[in-house]
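Biologist: I would like to go through this predicted model with you. Please put it up and we can begin.

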Amino acid sequence: MAWSYVALAAVIEIFWVVGLRYSVTAIQWTGTGVAIVLSFYFIIKACEKLPSGTVYAVFTGSGAAAILLVDIFVFQAGFTWVTLTFIGLIVIGVVGIKLTTDEQVDTEGGG
Amino acid sequence: MAWVYLAIASLGEIFGVVSINYYLQKRSIKRLLLIVGIFGFGFVFLSLAMREIQMSTAYAVWTGLGAAGAVLMGILIFKESASVKRLFFLSLIILGAVGLKLFG
């Protein structure tokens, strides 16, 4: 159940990122705001059951990949391999850092 | 200017996460509003940055700097361990962000 919260949050996140970029009308901005609150709500819910570093790693990792796909297939954005490589480095770095954060909490006996 | 906005937006994310922990210690409306305020501030700047920087690039750098900042703060202020693994991932993020700024 907790992992479905993470999946839900990641899907909703795509909408608010697109909203932040393309919103024009008040209704669109409101929708973006609602989507942000919803995705945070589900992340916090998931963190009550799962280690927060892992949740955040999956959430951002899948979010960044999904947004890249939306950029390419929906908005027809062109990317060079150089750009894709650097984005990839950031995603690996974020996922890695978040996963080692959980390791650290475990060894300290907290969490 | 867009890259400055992006850096400011990342600060919003770093302090936003701090405010979530603060809220979880004691759940009050005031602390909840603090979360909303700090993240709201960050999102405004993320949105401004996205007017010039491509959406996926801006998003990746925003999350990356947010995560890197949180780790650096943990190491420098809260004296968390700076393991080789964490520094390695940290340098990947910085390399990626600098690369996107220079060549993206």
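Biologist: How many residues does the largest nonpolar core have?

Modeller: Residues of both chains appear among those with the most contacts inside this core, including A:Ala9, A:Ile90, B:Leu46 and B:Val61. The largest nonpolar core has 64 residues.

Biologist: Which element gives the largest share of this core?

Modeller: Helices H1, H2, H3 and H4 of chain A each give two or more residues, and so do H1, H2, H3 and H4 of chain B. The largest share is 11 residues, and it comes from H3(B).

Biologist: Leaving aside neighbours within four places in sequence, which residues is A:Ile90 in contact with?

Modeller: A:Ile90 is among the residues with the most contacts inside the core. It lies in helix H4 (81-107) of chain A. With those neighbours left aside, its contacts are B:Ala60, B:Val61, B:Gly64, B:Ile93, B:Gly96 and B:Ala97.

Biologist: Which element supplies the largest share of the side of chain B that touches chain A?

Modeller: In this interface, 31 residues of chain B are in contact with 25 residues of chain A. H2, H3 and H4 of chain B each supply at least two residues of that side. The largest share, 12 residues, comes from H4(B).

Biologist: How many residues of that side of chain B are nonpolar?

Modeller: The side of chain B that touches chain A also has 11 polar and 3 charged residues. The nonpolar ones number 17.

Biologist: What pattern does chain A follow along the sequence?

Modeller: Chain A has 4 helices and 0 strands. Read along the sequence, the pattern is α-α-α-α.

Biologist: What percentage of the residues of chain A count as buried?

Modeller: Chain A has 111 residues. Its C-alpha atoms fill a box of roughly 45 × 35 × 20 Å along the principal axes. The share that counts as buried is 42%.

Note on methods
Residues are numbered from 1 along each chain as its sequence is written. Chains are lettered from A and ligands numbered from 1 in the order in which they are written. This is a predicted model: local features need pLDDT of at least 70, side-chain atom pairs count only at pLDDT 80 or more; totals for chains, interfaces and linings use all residues. A nonpolar core is a set of buried Ala, Val, Leu, Ile, Met, Phe, Trp, Tyr and Cys residues joined through C-beta atoms within 7 Å. A residue is buried if 20 or more other C-beta atoms lie within 10 Å of its own, exposed if 12 or fewer, and partly exposed in between; C-beta atoms are placed from the backbone. Two residues are in contact if their C-beta atoms, placed from the backbone, lie within 7 Å. Ala, Val, Leu, Ile, Met, Phe, Trp, Tyr, Cys and Pro count as nonpolar, Asp, Glu, Lys and Arg as charged, and the others, Gly among them, as polar.
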